[in-house]
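Here are my notes for a first look at this model. Have the structure open as you read, and go through the points in order.

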Amino acid sequence: MAVEVVRANGLEIAYERAGKGRPLVFVHGAAVDGRIWQPQLAALANEFTVVAWDEPGAGGSSDVPADFGLPDYASCLAALIDDVGLGPAHVAGLSWGGTVVLELYREYPELVATLILIDTYAGWKGSLPEEEVHARVEGLRQMLAVPDDHFDPTLPGWFAGDPPAEFVPLLEEMAADVRPESLRHQLLLMAEADQRDLLPCITVPTLLIWGEQDVRSPLSVARQFERAIPATRLVVISDCGHVSNLEQPERVNGAVREFCHAHPPRQI
């Protein structure tokens with residue numbers, strides 16, 4: 001799949017696009033890029049137009065500006081969806097990517113046909129205890145304080161067990177390409193984000209996919225989403241941690257496929 005580029009807010013945004021059919025957009029989390037969705041693009045492109053972006057500061061996209069806020073990430077994602085003619089789309093976000101997707105819905109609800117929230121947060125402030133947020137911010141500072149040649153962007157608790165062997169090379173490639181400033185920017189925004197006010201206002205069908213053993217965004221967070229969002233369904237993936245789309249791709253793909261077929265976007 002060739003990498004394509006769209007300009008948004010003065011930045012170049014890289015993305016991969018595959019397949020034909022109803023639009024399905026994937027938004028990655030922190031410390032990775034759009035390549036994390038390879039199992040989804042491979043499995044779903046025969047039924048959907050599947051797009052996986054590199055957010056600003058990741059992959060092939062421009063560096064993230066110093067004053068970039070969460071609404072700016074959402075604006076770039078909206079520009080991508082609009083420019084490639086995909087709206088309204090199924091929009092899926094993993095971890096930090098789910099927080100970006102929620103902000104997209106807040107600012108540009110007309111572009112969102114359904115929400116697929118995978119092991120995510122309503123911001124750390126909106127989903128985690130205050131002491132946990134402080135611990136994560138301190139861990140980030142320690143991570144970034146080491147010399148460049150010792151920088152390791154791997155965040156703890158991604159998988160229920162060892163990383164799936166077939167994806168270890170991919171994880172290593174993505175880790176090698178992480179920009180420390182991007183990671184700092186993402187996670188400090190995440191630490192301050194609180195989107196709990198938005199959840200009861202969501203009117204589109206919403207799918208929650210959660211690893212049963214997720215320790216970064218525990219299942220209790222999924223239950224908070226389930227209680228707050230009016231039209232929602234929760235799928236819990238057993239034997240699975242935080243990065244469920246890599247740890248149990250077939251089960252995640254099946255849940256996404258079934259949900260998207262049950263809730264086709266309106267035609268515009």
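**Notes on a first look**

1. **What you are looking at.** Keep in mind that this is a predicted model. The protein chain has ten helices and eight strands. Its C-alpha trace spans about 50 × 40 × 35 Å along the principal axes. For 268 residues, a compact globule would have a radius of gyration near 18 Å, and the 17 Å found for the protein chain agrees with that.

2. **Inside and outside.** Of the 268 residues, 57% count as buried. The protein chain exposes about 11,000 Å², with carbon and sulfur atoms supplying 49% of that area. Look also at how the chain comes back to itself: among contacts between residues at least 6 apart in sequence, 77% join residues at least 24 apart.

3. **Charges overall.** The protein chain carries 19 positive and 39 negative charges, and the mean positions of the two sets are 6 Å apart. How many salt bridges does the structure hold? There are twelve, and the next points go through a few of them.

4. **Asp-33 and its partners.** Asp-33 forms a salt bridge with Arg-35, with the closest N and O atoms 2.7 Å apart. Are the two buried or exposed? Asp-33 has a relative accessible area of 2%, so it is buried, while Arg-35 counts as partly exposed because its relative accessibility is 22%. The pair does not stand alone: Asp-33, Arg-35, Glu-173 and Asp-177 are linked in a network of salt bridges.

5. **A bridge between distant parts of the chain.** Arg-179 forms a salt bridge with Asp-63, and here the closest N and O atoms are 2.6 Å apart. The two residues are 116 apart along the chain: Arg-179 belongs to the loop between helix H6 (168–177) and helix H7 (180–192), and Asp-63 to the loop between strand S4 (48–53) and helix H2 (70–83). Asp-63 is exposed, at a relative accessible area of 52%.

6. **A bridge within one helix.** Glu-103 forms a salt bridge with Arg-106, the closest N and O atoms being 3.5 Å apart. Both sit in helix H3 (residues 96–107), and because they are three residues apart, about one helical turn separates them. Glu-103 counts as buried at 7% relative accessibility, whereas Arg-106 is partly exposed at 31%.

7. **A buried acid without a bridge.** Which charged residue is buried yet has no salt bridge? Glu-55 is the one to check, and the nearest side chain of opposite charge, Arg-179, is 9.3 Å away. That distance is beyond the 4 Å within which a nitrogen and a carboxyl oxygen would count as a salt bridge. Glu-55 is found in the loop between S4 and H2. Leaving aside neighbours within four places in sequence, Glu-55 is in contact with His-28, Ser-61, Tyr-73, Trp-96, Val-100 and Gln-186.

8. **Backbone spots to inspect.** Most residues other than glycine have a negative phi, and most peptide bonds are trans. Where does this model have a cis peptide bond? It joins Gly-87 and Pro-88, with omega about -10 degrees, and Pro-88 lies in the loop between H2 and strand S5 (89–94).

9. **Two positive phi values.** Asn-9 is not a glycine, yet its phi is positive, at about 55 degrees. Look for Asn-9 in the loop between strand S1 (3–8) and strand S2 (11–18); its relative accessible area is 45%, so it counts as partly exposed. Ser-95 also has a positive phi, near 55 degrees, and its place is in the loop between S5 and H3. Ser-95 counts as buried, because its relative accessibility is 11%.

10. **Around Leu-171.** Leu-171 is found in helix H6 and is buried, with a relative accessible area of 14%. Apart from neighbours within four places in sequence, Leu-171 is in contact with Trp-158, Phe-159, Pro-163 and Leu-246. The C-alpha atoms of Leu-171 and Arg-35 are separated by 9.1 Å, though the two residues are 136 apart along the chain.

How values were computed:
Residues numbered from 1 in each chain as written. Predicted model: local features only at pLDDT ≥ 70, side-chain atom pairs only at ≥ 80, totals over all residues. Heavy atoms only, no water. Buried < 20%, exposed > 50% of the residue type's maximum accessible area, 1.4 Å probe, protein only. Helix = DSSP H or I, 4+ residues; strand = E, 2+ residues; numbered from the N terminus. Contact = heavy atoms within 4.5 Å. Rg over C-alpha atoms; globule rule 2.2 N^0.38 Å. Areas by Shrake-Rupley, 256 points an atom, 1.4 Å probe, with all protein chains shown as cover. Lys, Arg positive; Asp, Glu negative; His and termini not counted. Charge placed at Lys NZ, Arg CZ, Asp CG, Glu CD.
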